[in-house]
Structure formats: structure tokens, C-alpha cells
Amino acid sequence: MSSRPAMHNTMLVLLTATSGCVDAISFLLLGQVFTAAMTGNTVLFGLALSHLDKLNPLNYASALLGFMLGAAVAAVIFRQTRKESGWTPNASVVTTVELAALVLFSILSQLPYVLDTHFKQLLVMVLAFAMGLQGVTARRVGVNGVTTTVITSTITGLVEISVWKIGQRFGFTPNAKDSQQPENQISPLALSMWAMVILAYGVGAALCGGLIAMWHLQAVWLPIAIVAVVVVSSTLLMRISSPRRSEQGNWNEA
């Protein structure tokens, strides 16, 4: 595998760890709400509507709205490169905006009225906004089975394809040698990538869960640091690839 796809995979794994971090922060400190895993919020929002004495539906509505706003902003930024995949310059721009949103969360979380219910909902929206941006970035990078903000589909794919591969080895999988079968087009490297993504989400949640005891809402500096690494890495990647593209263009003109 070339260094560029390997870098793309590494950055997506890091972003998935970021999702685990922010979900831990929002669930433990902002009213048992998720800011990356929107599937869980949808369920909790439905439950809140029928259990108003126990759950606040505005918490989950804030997360859903923030996530959708982030996705919408990312879609606007990516509008000129709809046919491109991989880590494009626009992906770096969107990730930089995500970084800015996380820093904004850190600033807002230091204000004196941070524990006010309505202010917590604003914090939830800011975190979810960052994750909406990230989710669209992952879609545009286009690594099969990796969304960075939800791992349900990743777990499903990992188990399904693993069973298929095991069946190939022991001869009980039909059409095991048919190259047109979608399952046969998934490499062991892709499976290991999915496994790393699942692990990264859990590790991110565990690390932030530990930091919350010491830093409270300022545990967000862990995902800030991770996203900053991704931004710097993607910028360097763009600078390295730009001369190569120019050289290719010169060769084509010649």
C-alpha cells in the first residue's frame, strides 16, 4: 500500500478516536447526550418525548440540530469537489473548521454560567456541529466502511466479511472464488482498518473518561490535540502531493 492511503487511514482512525472522546464528554457532563453517535440520540429523543420527567428532549434535539448544521456547512465547502475522493484540500479546510469548533467549545466551557441547562445545550450543539463536519469529511475521503462518527455499520461489516473469509478457508462459503462477489473485494487490510476504527472509538472514550475526572470539560483538549495533528498532517500531505501533480502536468504537456 502506498504511503498516501496509509496516511488517509491513519487520519480517519484518529478522527474516530475524537468521536469517542466527545461522546464521553457530552454523555458524562452535558446531560447523557451523544454528540457523534446520532443513532443513540434519535432513540433517546424518542424516549424523552414520552418520559419528560426523566429526560430533556431539548438536549437531544440540540445535538441533532448541531450535527446537521455541521454536515450542511461541510457540504457547502465540498460542493465544488463532489466527484473527488481521498484527502482533498477541502477535506483539510473542513477539518480545520472542526478544530475551530472544538476550541470554541473549550472557550465557552470556561464561562461562569456553564452549568446552566440552556448553556449546556449550546455546548452540545457546538460539539455536535464539529462531528457533523467530521462525518461529511469521512464520506468524502471515501474509505469503505469508515464514517468516524458511528461504528455500528463498521462492526456489522467486520463481522459479516470475517465470517465470509473464514467460510472461504473452510469451504462452506458459496461462490467463494467468484471475484465478482462484493465480499471477495474486501481485503484483509480493510478488515484490519475496520477493527482499528472500532478500537479507536473505545480508546478515545476511555481516555477522555479518565481525563474528565481531572479536567472536567477541559478534557476536550485531547480531541483538540488529535484533530490538530490531523490538520497538520493533511496540510503536509497536500504540500507533498502538489509538486507531484505539477510534475505530472508538465510531463503531460511535453
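This is a guided tour of one predicted protein model, with suggestions on what to select at each stop.

Because the model is predicted, local features are described only at pLDDT of at least 70 and side-chain atom pairs only at pLDDT 80 or more, while totals for chains, interfaces and linings use all residues. Residues are numbered from 1 along each chain as its sequence is written, and side-chain values use heavy atoms, with hydrogens and water left out.

**The whole chain**

Begin with the protein chain in a cartoon view, where the secondary structure comes to eight helices and zero strands. Here helices (H or I, at least four residues) and strands (E, at least two) are DSSP runs, numbered from the N terminus. Of the 254 residues of the chain, 46% count as buried; buried means under 20% relative accessible area, exposed over 50%, and partly exposed in between, with a 1.4 Å probe and protein chains only. If you switch to a surface view, you are looking at about 13100 Å² of exposed area, 66% of it supplied by carbon and sulfur atoms. These areas come from the Shrake-Rupley method with a 1.4 Å probe, and for residues only the protein chains shown count as cover. Among contacts (heavy atoms within 4.5 Å) between residues at least 6 apart in sequence, 70% join residues at least 24 apart.

**First stop: helix α1 and the loop after it**

Select His8, which is found in helix α1, residues 3-29. Is His8 buried or exposed? His8 counts as buried, because its relative accessibility is 11%. Leaving aside neighbours within four places in sequence, His8 is in contact with Gly86, Trp87, Val141 and Leu237. Now move along to Gln32, in the loop between α1 and α2 (38-50), where the backbone has a positive phi of about 55° although this residue is not a glycine. Gln32 is partly exposed, with a relative accessible area of 44%.

**Second stop: helix α3**

Select residues 57-77, which make up helix α3. This helix has 21 residues and reaches 31 Å from its first C-alpha to its last, close to the 30 Å expected at 1.5 Å a residue; the expected span is 1.5 Å times one less than the number of residues. At the N-terminal end, show the side chain of Asn56, which caps α3 with a side-chain oxygen 3.0 Å from the backbone nitrogen of Leu58. Such a polar contact is a pair of N or O atoms within 3.5 Å; within protein, one must be able to donate a hydrogen and the other to accept it, and residues adjacent in sequence count only if both atoms are side-chain atoms.

Colour the buried residues of α3, among them Pro57, Tyr60, Ala63, Phe67 and Ala74. Which helices do the buried residues of α3 pack against? They pack against α2, α4 (89-108) and α5. Next, find Met68 in the same helix, which is exposed, with a relative accessible area of 54%. Together with Leu65 and Leu69, Met68 makes a nonpolar surface patch of about 280 Å².

**Third stop: Thr88**

Select Thr88, in the loop between α3 and α4, and note that this residue counts as buried because its relative accessibility is 6%. Not counting residues up to four places away in sequence, Thr88 touches Phe78 and Met238.

**Fourth stop: helix α5**

Select Ala138 in helix α5, residues 117-141, which counts as buried at 1% relative accessibility. Then add Met11: these two residues are 127 apart in sequence, yet 9.7 Å apart in space, C-alpha to C-alpha. Beyond the neighbours within four places in sequence, the contacts of Ala138 include Leu12, Val143 and Val146.

**Last stop: helix α7 and its end**

Select α7, residues 188-215. At 1.5 Å a residue its 28 residues should span 40 Å, and the end C-alpha atoms are 39 Å apart, which agrees. Buried residues of α7 include Leu191, Trp194, Tyr201 and Leu211. Ser192, also in this helix, is partly exposed at 32% relative accessibility, and a polar atom of its side chain lies 2.6 Å from the backbone oxygen of Leu189. Ser192 and Leu158 are 34 residues apart in sequence and 8.7 Å apart in space, C-alpha to C-alpha.

Finish at His216, just after α7, where phi takes a positive value of about 55°. His216 is found in the loop between α7 and α8 (221-253), and counts as partly exposed, at 38% relative accessibility.

Note on methods:
Patch = residues over 30% accessible without salt bridge, like charges linked within 9 Å, V, L, I, M, F, W, Y side chains within 5 Å. Salt bridge = Lys/Arg side-chain N within 4 Å of Asp/Glu carboxyl O.
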